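Trainee: I'd like a close look at a single part of this one. Could you take me through one helix and then show me how the rest of the chain fits around that picture?

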Amino acid sequence: MGHVRNDALGESVSRILKKAGADVYKVNIINNRGVHICKSMLAYQLFHQEKGDTPESLGIKGDHFVGNCYVEFDKYLKGEKDKPETAHPEAAQKAEEMLVQWEAGDKDVRALWQKMNDWTLNGVQETYKRTGVSFDKLYFESDTYLKGKDEIQRGLDMGIFFKAADGSTRVDVTEAVGKGKDGEDHEKVLLRSDGTSVYITQDIGTAISRHKDWPFNQMVYVVASEQNFHFKVLFYILKKLGFDWAQKLFHLSYGLVNLPSGRMKSREGTVVDADDLLDSLHADALKEIKEKGRDKELDDPDAVAEKVALAAVHYYMLQATPIKDMLFNPEESLSFNGNTGPYLQYMGARISSILAKAKESGVLPDSSEAACALLTSGDEWELVKQLGSFPDTVAKAAANLDPSLVAAFLYDTAKLFSKFYQNCSIINAESKELAAARLFLAQSTLDVMKEAMDLVLVPFLEKM
């Protein structure tokens, strides 16, 4: 679920920036190597390899299977509760040894690594396709960590980094983050004592590769607030290494996603899987469509239910200011009343229906100056002014990298249209000319709402 907020925020901000006139290049780093990967690999060897288990043979997505292996490793490491004799603390050392073997190019370790990485990436790509998230380029940690290691060596030669007593390579980052709790200087490990790299090593290499591939005016990292310290350190190190573009790096920090049951932790298996959540919301939406007898009116009720599920999740994630931690409530997100994605879809479908009925009765929108001059009531002008504020809203959302501004605009627009429609009859207006002018206002509202909905990943529905 945390990754869904990440994906939704990054994709939405990208669309908003493009709408505001920027050239946007969307990239993603796949952390496909490291101790965490080795833990999943060890669990596979322990519990699945002999049986020949694969995602296909077990009937589950590849990323789910590898994620399950990660949970199995943690349970194997810690053992059963209140049974310390079932723990295997030596497993942690084995994972670190496997990483050393991987970096040394061990043939068998690399073969298993490639197999499990393919399973994971194929599964993740399915979810990206489902949710409408895309990237112009994927970077892989396995390709960038060596460039990072080269930079660490250069930093050592320059005297920016130093070798610690335990053999690890470190940097003093006190200037960037301040003193530690005990008043000591803050040091960051860049290479472990065994020579293997850590997250920040590959992040250094990845940043350099990204600027070389696409020299940016600004690079925005969309990563959770847990990594605020990490990015302060990363940007500081890149500046120390002499990269002037390090001044152009920005961390768009967002809050954690919690559930009513508490915080999610992947190693403990307490995560709520995004695919499972979407499946559940899809099923609930389809059930409601059928209960209301709408399934016979729709060409493809299943496709509509899927779009409702996506609107529910994405809008709920984006209507909150990014930096705030949030409590995700699936039931609330799917409501057709209030500040939700499905409510906006309902309003879009309602306006579409109004336009279709007007066309059947022979009334067409009139956008002429004479027609617009007939729109004089308070409800009409409130809606006109709201639509007129859309460009400024997009500009402000782009400047602040904050989709919640577009979400708020959408909700306000939907409410103002509802009020306008309630108080200002369209087809039965006092004159045909006024009916045509009001119909143009309804058409304009729909046009703006469709554009704004796309910016916050809410699929438009003509019927629902």
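Mentor: Let's start with helix H4 and then work outwards to the rest of the protein.

Keep in mind that this is a predicted model. For orientation, the protein has 19 helices and nine strands. Along the principal axes, its C-alpha atoms fill a box of roughly 85 × 50 × 40 Å. Of the 464 residues, 47% are buried. If you take contacts between residues at least 6 apart in sequence, 74% of them join residues at least 24 apart.

Now H4 itself, which covers residues 62-78. A quick check on its geometry: 17 residues at 1.5 Å a residue should span 24 Å, and the end C-alpha atoms sit 25 Å apart, so the two agree. Next, look at which of its residues are buried. The list opens with a run, Gly62, Asp63, His64, Phe65 and Val66, and goes on through Cys69, Tyr70, Val71, Phe73, Asp74 and Tyr76. Two Asp residues, Asp63 and Asp74, are among them. As a rule of thumb for reading such a list, an α-helix has 3.6 residues a turn, so residues three or four places apart point the same way.

What covers those buried residues? The cover includes helix H2 (35-47), helix H3 (55-58), helix H5 (90-103), helix H6 (107-131) and helix H11 (274-291).

Just past the end of H4, Gly79 takes a positive phi of about 75 degrees. A little further on, in the loop between H4 and H5, comes Asp82. Asp82 has a positive phi too, about 60 degrees, although it is not a glycine. That's worth a second look, given that most residues other than glycine have a negative phi. Asp82 counts as exposed because its relative accessible area is 79%, and the cut-off is over 50%.

One of the covering helices, H2, holds Gln45. At 34% relative accessibility, Gln45 counts as partly exposed. Beyond its neighbours within four places in sequence, Gln45 is in contact with Met98 and Leu112. To get a feel for distance across the model, compare Gln45 with Val394: they are 349 residues apart in sequence, and their C-alpha atoms are 51 Å apart in space.

Another covering helix, H11, takes us to the second largest pocket. That pocket holds about 470 Å³ of space. It is lined by 20 residues, and the closest to its centre are Arg294, Tyr346, Ala349, Lys463 and Met464. H11, helix H12 (301-318) and helix H14 (341-360) are the elements that give two or more residues to the lining. H14 provides the largest share, seven residues. By class, the pocket lining has nine nonpolar, three polar and eight charged residues.

H12 turns up again at a cavity. Searching the whole structure for cavities of 30 Å³ or more finds one, and the largest cavity has a volume of about 40 Å³. Its lining is made of Arg5, Leu9, Met317, Leu318, Ala320, Pro322, Pro403 and Ser404. The elements that give two or more residues here are helix H1 (2-19) and H12. By class, the cavity lining has six nonpolar residues, one polar and one charged.

Last stop, the C-terminal stretch. Arg438 lies in helix H19, which runs over residues 432-455. Despite its charge class, Arg438 counts as buried, because its relative accessibility is 8%. Its side chain reaches the backbone oxygen of Ser425 at 2.6 Å. Ser425 also appears among the contacts of Arg438 outside its neighbours within four places in sequence, along with Leu375, Glu380, Phe420, Cys424, Ile426, Ala429 and Glu430. That list includes two Glu residues, Glu380 and Glu430.

In the segment after H19 you'll find Leu457. Like Asp82 in the H4-H5 loop, Leu457 has a positive phi of about 60 degrees although it is not a glycine. The surroundings are another matter: Leu457 is buried, with a relative accessible area of 6%, whereas Asp82 is exposed at 79%.

How values were computed
Residues numbered from 1 in each chain as written. Predicted model: local features only at pLDDT ≥ 70, side-chain atom pairs only at ≥ 80, totals over all residues. Heavy atoms only, no water. Helix = DSSP H or I, 4+ residues; strand = E, 2+ residues; numbered from the N terminus. Buried < 20%, exposed > 50% of the residue type's maximum accessible area, 1.4 Å probe, protein only. Polar contact = N/O pair within 3.5 Å; in protein donor to acceptor, adjacent residues only side chain to side chain. Contact = heavy atoms within 4.5 Å. Expected span 1.5 Å × (residues − 1). 1 Å grid on protein atoms, 1.4 Å probe; cavity = no way out; pocket = protein on both sides within 12 Å on 5 of 7 lines; lining within 4 Å. Points joined across faces, edges and corners; volume = space filled by probe spheres on them.
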